[in-house]
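This report walks through one structure, from its sheet to a patch on its surface. Please keep the sequence and the 3D view at hand while reading.

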Amino acid sequence: MSSTRIAVYAGSFDPIHNGHLDIVERCRKVFDETIVAVLSNRDKEPSFSARERVAMIAGELTGYEDCRVESFTGLLVDYMSSVGARTIVRGLRAVSDFEYEFQMALMNRRLNPSVETVFMMPREDYIYLSSRLVKEVFVLGGNLTGLVPDKVLEWLSSIKDERFSD
Ligand code: PNS
């Protein structure tokens, strides 16, 4: 078995924000490789397609030799096996995240007992941040400076009329 420590940082990332990128930086300190794994299941009805989310994340990982981004379908544990990884990373912001995360971690462990889930806390400035709130504040014209990368703001602007209008 490979001794390379691989983190699979899984999520919807619809879109990625600075709280997510803070977790990527933390992964890089602990793991040899970090794979940002973007769920591409259609039933979640994302604002951005998997291809778009992968493209915007790839832009943020430019120059990071130890990081890559991929999309996946189906079970996360199956994707983990396909890339030879055993550690799922999830960001934990507040107690309200706990129940959902606890259920997922235990289900994933049941599906594949060799998979462990590791939780990382983002910087305090980002503990209230979510992709849902990013989109809501954006649509309502609020200031997102310091909360999302500039390029993500450009992506949001580019789809605003097409996907965020009533
Ligand atoms: O950012 P999110 O939406 O909270 O991420 C959730 C995600 C993508 C990690 C989770 O929905 C997932 O792993 N989906 C893949 C399907 C799967 O494996 N389901 C069983 C997990 S308990």
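**Terms and basis**

A residue is called buried under 20% relative accessible area, exposed over 50%, and partly exposed in between, with a 1.4 Å probe and protein chains only. This is a predicted model, in which local features need pLDDT of at least 70 and side-chain atom pairs count only at pLDDT 80 or more, while totals for chains, interfaces and linings use all residues. Residues are numbered from 1 along each chain as its sequence is written, and side-chain values use heavy atoms, with hydrogens and water left out.

**The sheet**

Five strands, paired in parallel, make an open sheet in the order β3-β2-β1-β4-β5; strands are DSSP runs of E with at least two residues, helices are runs of H or I with at least four, and both are numbered from the N terminus. Two strands pair if DSSP finds at least two bridges between them. At the edges lie β3 (67-72) and β5 (116-120), each of which pairs on one side only.

Strand β4 (residues 87-91) joins β5 in the parallel sense over five bridges, and Ile 88 stands opposite Thr 117 in β5.

**Phe 98 and its surroundings**

Phe 98 is found in helix α4, and this residue counts as partly exposed because its relative accessibility is 43%.

**Arg 5**

Arg 5 lies in the segment before β1 (6-11) and is partly exposed, with a relative accessible area of 48%. The C-alpha atoms of Arg 5 and Gly 84 are separated by 9.8 Å, although the two are 79 residues apart along the chain.
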